[in-house]
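Work through the exercises below with the sequence and the model at hand. Each task is followed by a solution in steps.

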Amino acid sequence: MLAAGFTTTAANNAAGSNTPIGPLHYTIEGVRFWNRWKLLGAYLARREKLGALPVEYIVETTAKCNLYCPMCVRETYKQPKADMADEIFERLVNQSASTAEHMMLIGLGEPFMDARIFDRIEYCRRHDISTLLSTNGTFLDEAASRRLLATGLEHITLSFDGSTKESFEYYRKGAKFEKVRDNFVRFAGLKHRLRARTQVVVQMVRMERNRTEVDDFRRFWEAVEGVDQVRIKEDETNLMRPAGHPASDWGYPCHYLWRGPMYVKQDGSVYPCCQSYMLGGGPVGQIGSTPLDEIWNSEEMRRMRRLHAQGRAGEIDICARCCTTIPHPLLVAASLVLHGSTVRRLLPAVERLAYFSRAGRGLLRPSTAPDGLVQIEVLRPPAPPAGPPADAR
């Protein structure tokens, strides 16, 4: 330990990491500066072989889910009713501990169907890796809420796709509107009263049946004590509106290939990003069979980086069909300079600037016109809504 908040690679290796990335690795509040500096240099130089590892990962700790959602790709690719083995999860964390800053413990399953989800959050915390969750809220009772807030979770997205019972239950088949709403209100209230540091975001994916409900959705959730941000997000799954980027959009390379997040499936198979799996791409490696740094610099990863660097990303099938918004290189560089929590807090303002201001035109390039995309950061919630559940008061 060098000083409060500083660690070295050697210190991290002592905690279980076996992937040395530099002679000396400085960390302040979870930011691995040496790793970030090398990723930034490689991205700006368009290098295909990297001497650093991703800043973040999407880790599917379970492939189980209790809902049917028409916009979810699990309805296209059937998933096993299985959780990630401890050996796979711990190997991933140990190999990335000196470089990873964030692990999003999400995927095509509902995190709270993983019986070990709380242990996994705490395991990441012991390795100085922050964690993020997204939940459908059906299992978020008071006991689960209290336990979750005690783990040190950094960020949670509460998925609530509609402000009416009809639209919500159409998109979240198997969930009850009132139960999930009350679970989320109670969770946010507990977070506020316990003064937990977890950032709480309530998110709606805007689709055909709920597109007219944005104002009501925003009005209700902005008033809930403990909610830090309300977000309206475009559907990027390709299922409800198959589309993609034209070749002309790829004037600069996709940041996923240089900074992550890589996508690790429940069985340990690794994909360049979550979109690559959802679009039918193949894995580039397997946790447990190949060291993480070799997967990150595999022949396929290098081929994809090379084509992106040459402006030929449209020749890659999964990239040509991808709906993810492409950020300007300036934003990618900023994401490798600023802390992840800061990036997430600034994202709504950046999206508003990019979509609704001439000054920000070109910062973000969606696959289709945003058509009224709204992103709202909640700074000072007004009075709580009328009639919250009794146990949330």
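The model is predicted.

**Exercise 1. Backbone at R46**

Task: Find where R46 is located, and decide whether R46 is buried, partly exposed or exposed.

Solution. Step 1: R46 sits in the loop between helix 2 (33–45) and strand 3 (56–59). Step 2: the relative accessible area of R46 is 28%. Buried requires under 20% and exposed over 50%, so R46 is partly exposed. Step 3: although R46 is not a glycine, its phi is positive, about 60°. Most residues other than glycine have a negative phi.

**Exercise 2. Backbone at D128 and P261**

Task: State the sign of phi for D128, and say which form, cis or trans, the peptide bond from G260 to P261 takes.

Solution. Step 1: D128 lies in the loop between helix 4 and strand 5 (130–135). Step 2: its phi is positive, near 60°, and D128 is a residue other than glycine. Step 3: D128 has a relative accessible area of 33% and is therefore partly exposed. Step 4: the peptide bond from G260 to P261 is cis, with omega near 15°. P261 belongs to the loop between helix 9 (256–259) and strand 9 (262–264). Most peptide bonds are trans.

**Exercise 3. Two helices**

Task: Classify the packing of helix 4 with helix 5, and list residues that meet there.

Solution. Step 1: helix 4 (residues 117–126) and helix 5 (residues 142–149) pack at about 10°, with axes 10 Å apart. Step 2: angles under 35 degrees count as roughly parallel, so helix 4 is roughly parallel to helix 5. Step 3: from helix 4, F118, D119 and I121 meet A144, R147 and L148 of helix 5. Step 4: sorted by class, this contact has 4 nonpolar and 2 charged residues, and no polar ones.

**Exercise 4. The largest nonpolar core**

Task: Which residues touch the most other members of the largest nonpolar core?

Solution. Step 1: the core has 99 residues, and those touching the most other members are Y57, M103, L133, L148, F160 and W221. Step 2: helix 7 (residues 177–194) supplies the largest share of this core, 7 residues. Step 3: beyond four places in sequence, M103 touches residues including Y57, L92, C124 and I129.

**Exercise 5. T157**

Task: Is T157 buried or exposed, and what does its side chain contact?

Solution. Step 1: T157 is part of strand 6 (residues 155–159). Step 2: its relative accessible area is 11%, so T157 is buried. Step 3: the T157 side chain makes a polar contact with the side chain of H155 at 3.2 Å. Step 4: outside its neighbours within four places in sequence, T157 contacts L133, S134, T135, V201 and Q203.

Notes
Residues numbered from 1 in each chain as written. Predicted model: local features only at pLDDT ≥ 70, side-chain atom pairs only at ≥ 80, totals over all residues. Heavy atoms only, no water. Axes fitted to C-alpha atoms, helices over the stretch in contact; angles between N-to-C directions. Helix = DSSP H or I, 4+ residues; strand = E, 2+ residues; numbered from the N terminus. Parallel < 35°, antiparallel > 145°, perpendicular 65-115°, else oblique. Contact = heavy atoms within 4.5 Å. Nonpolar A, V, L, I, M, F, W, Y, C, P; charged D, E, K, R; others polar. Core = buried A, V, L, I, M, F, W, Y, C linked by side-chain atoms within 4.5 Å. Buried < 20%, exposed > 50% of the residue type's maximum accessible area, 1.4 Å probe, protein only. Polar contact = N/O pair within 3.5 Å; in protein donor to acceptor, adjacent residues only side chain to side chain.
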